[in-house]
Amino acid sequence: MKINILHAGYCTAPEHIAINGGRWRAIRFPAMFALFRHPKFGAMLFDTGYSYRFFDETKKFPKRFYRWVTPVTFHEEDLAINQLSAFDLRPQDISRVFISHFHADHITALPDFTAARFVYLPHAFGHLRGLPPTEDLKHAFLRGLIPSDFDSRSQEVDINRFILLSEEYAPFKSGYDLLGDGSIIGVELPGHAYGQMGLFARDESGQVFFFVADAAWLKQSIIENRPPHKVANFLFPDAEAYRKTLKDLQSFYFTHPETHVIPSHCEETIREYESASYQH
Ligand SMILES: [Zn+2]
């Protein structure tokens with residue numbers, strides 16, 4: 001399997017919100033997505049980054065508030081579908097989109113992938129499904145981003161079919177073998193959003209990537225076990241679980257230095273991997 005790390009647009013927010021004790025200046029948070037090209041299962045994505053739909057969906061109040069809090073910069077060439085053409089891939093070539101969680105910056109381009117199955121932990125969407133629309137903003141959820149045929153294309157992870165993970169993944173003990181061949185393992189990373197799923201993915205040269213989504217916004221948070229500002233707790237459904245997940249990530253980071261740990265919005269990390277020679 002080939003793995004490419006890309007991003008579609010970015011938002012800005014003060015650094016001290018993303019990491020306790022950070023500076024007051026605004027920094028960029030790229031909206032990462034990853035491309036997997038698997039010899040058997042074809043092209044697949046982890047999340048999608050931003051698309052124009054974000055702007056369509058946040059035109060009116062109160063959802064316009066979303067734009068104010070996280071101003072988004074996005075250009076035509078940033079669209080995931082436009083970046084995929086560099087890999088000779090058409091949108092309908094994407095067979096699966098693994099969804100970490102349903103915050104807008106991770107799912108905005110879902111409707112572009114008309115042939116894809118959507119793979120996610122059931123409780124990630126289960127609690128949003130029953131939410132009154134007035135609660136959407138509180139959960140950073142824009143329901144207009146969900147494709148109309150979402151249910152028929154959903155392939156929810158069967159949480160009863162978990163596997164026990166070897167020491168290679170410690171302290172993470174259980175996960176989901178999402179393709180049945182061990183190449184992509186989903187693990188729940190609780191705290192930031194309901195049913196947030198991270199992925200371990202192994203490329204053809206044996207390198208292992210750990211996509212941790214928003215379990216930490218910056219790699220520095222993992223290294224120093226330093227959480228975001230307290231104000232971010234308003235966004236998290238379980239702040240205590242967030243702290244525990246962050247601690248586990250720190251422990252993983254130092255015991256498995258050979259694994260590439262990729263937070264979805266860490267600009268330094270995304271830049272480093274986007275320019276890495278193993279891409280393409
Ligand atoms: Zn998020």
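## Exercises on a two-sheet chain

Five of the six residues in strand S10 are buried, so S10 is largely enclosed by the rest of the structure. Keep in mind that this is a predicted model. The exercises below start from that strand and work outwards.

### Exercise 1: Strand S10 and its sheet

Task: Work out which strands pair with S10, and in which sense.

Solution:

- Step 1. Begin with strand S9 (residues 184-188), which pairs with S10 (residues 197-202) in the antiparallel sense over five bridges.
- Step 2. Check the register with residue pairs: Ile184 stands opposite Ala201 of S10, and Val187 has Gly198 as its bridge partner in that strand.
- Step 3. Turn to strand S11 (residues 208-213), which is antiparallel to S10 and joined to it by four bridges. Here Arg202 has Val208 as its bridge partner.
- Step 4. Look at the connection. S10 and S11 make a hairpin with five residues between them, and Gly206 in the turn shows a positive phi of about 90°.
- Step 5. Place these strands in the whole sheet, which is open, has six strands in the order S7-S8-S9-S10-S11-S12, and is mixed in its pairing. Its edges are strand S7 (163-164) and strand S12 (260-263), each of which pairs on one side only.

As a reminder, strands in a sheet pair through backbone hydrogen bonds, in a parallel or an antiparallel way.

### Exercise 2: The other sheet

Task: Find which strands stand at the edges of the sheet that contains S4 and S6, and say why one side of each is left without a neighbour.

Solution:

- Step 1. Write down the order: S4-S1-S2-S3-S5-S6, an open sheet of six strands with mixed pairing.
- Step 2. Read off the ends. Strand S4 (72-73) and strand S6 (117-119) each have a single partner strand, so one side of each lacks a neighbour in the sheet.
- Step 3. Look at one of these edges in detail. Strand S1 (residues 2-14) runs antiparallel to S4, and two bridges join them. Cys11 has Val72 in S4 as its bridge partner.

### Exercise 3: A helix with a buried face

Task: Decide where the buried residues of helix H10 lie around its axis.

Solution:

- Step 1. Locate the helix: H10 (residues 267-274) lies across S1 and strand S2 (26-38), and runs at about 40° to S2.
- Step 2. Pick out its buried residues, Thr269, Ile270 and Tyr273. Viewed down the axis of H10, the buried residues fall within an arc of 95°, so they line one face of the helix.
- Step 3. Ask what covers them: the cover includes S1, S2, H8 and S12.

### Exercise 4: Two loop residues

Task: Classify Ser51 and Arg226 as buried, partly exposed or exposed.

Solution:

- Step 1. Recall the cut-off: buried takes 20 or more other C-beta atoms within 10 Å, exposed takes 12 or fewer, and partly exposed is in between.
- Step 2. Ser51, in the loop between strand S3 (42-46) and helix H2 (53-57), has 24 other C-beta atoms within 10 Å and is therefore buried. Setting aside neighbours within four places in sequence, Ser51 contacts Ala8, Leu79, Thr108, Ala109 and Asp112.
- Step 3. Arg226, in the loop between helix H8 (219-223) and helix H9 (239-255), has 17 such atoms within 10 Å, so it is partly exposed. With the same neighbours set aside, Arg226 contacts Ile19, Asn20, Gly21, Gln220 and Ser221.
- Step 4. Set sequence against space. Ser51 and Glu76 are 25 residues apart in sequence and 8.6 Å apart, C-alpha to C-alpha. Arg226 and Glu274 are 48 residues apart in sequence and 25 Å apart in space on the C-alpha basis.

### Exercise 5: The core and the whole chain

Task: Describe the largest nonpolar core, then judge whether the radius of gyration agrees or disagrees with a compact globule.

Solution:

- Step 1. The largest nonpolar core has 76 residues, and among those with the most contacts inside it are Ala34, Val97, Tyr120 and Phe211. S2 gives the largest share of this core, seven residues.
- Step 2. Zoom in on Val97, whose contacts beyond four places in sequence are Leu45, Thr48, Leu110, Phe113, Ala116 and Phe118.
- Step 3. Count the elements: the protein chain has ten helices and twelve strands. Of its 280 residues, 41% are buried.
- Step 4. Compare the radius. A compact globule of 280 residues would have a radius of gyration near 19 Å, and the 17 Å of the protein chain agrees with this.

Notes. Residues are numbered from 1 along each chain as its sequence is written. This is a predicted model: local features need pLDDT of at least 70, side-chain atom pairs count only at pLDDT 80 or more; totals for chains, interfaces and linings use all residues. Two strands pair if DSSP finds at least two bridges between them. Two residues are in contact if their C-beta atoms, placed from the backbone, lie within 7 Å. Axes are lines fitted to C-alpha atoms, for helices over the stretch in contact, and angles run from 0 to 180 degrees between N-to-C directions. The arc is that of the directions from the helix axis to the C-beta atoms. A nonpolar core is a set of buried Ala, Val, Leu, Ile, Met, Phe, Trp, Tyr and Cys residues joined through C-beta atoms within 7 Å. The radius of gyration is taken over C-alpha atoms; the globule rule is 2.2 Å times the number of residues to the power 0.38.
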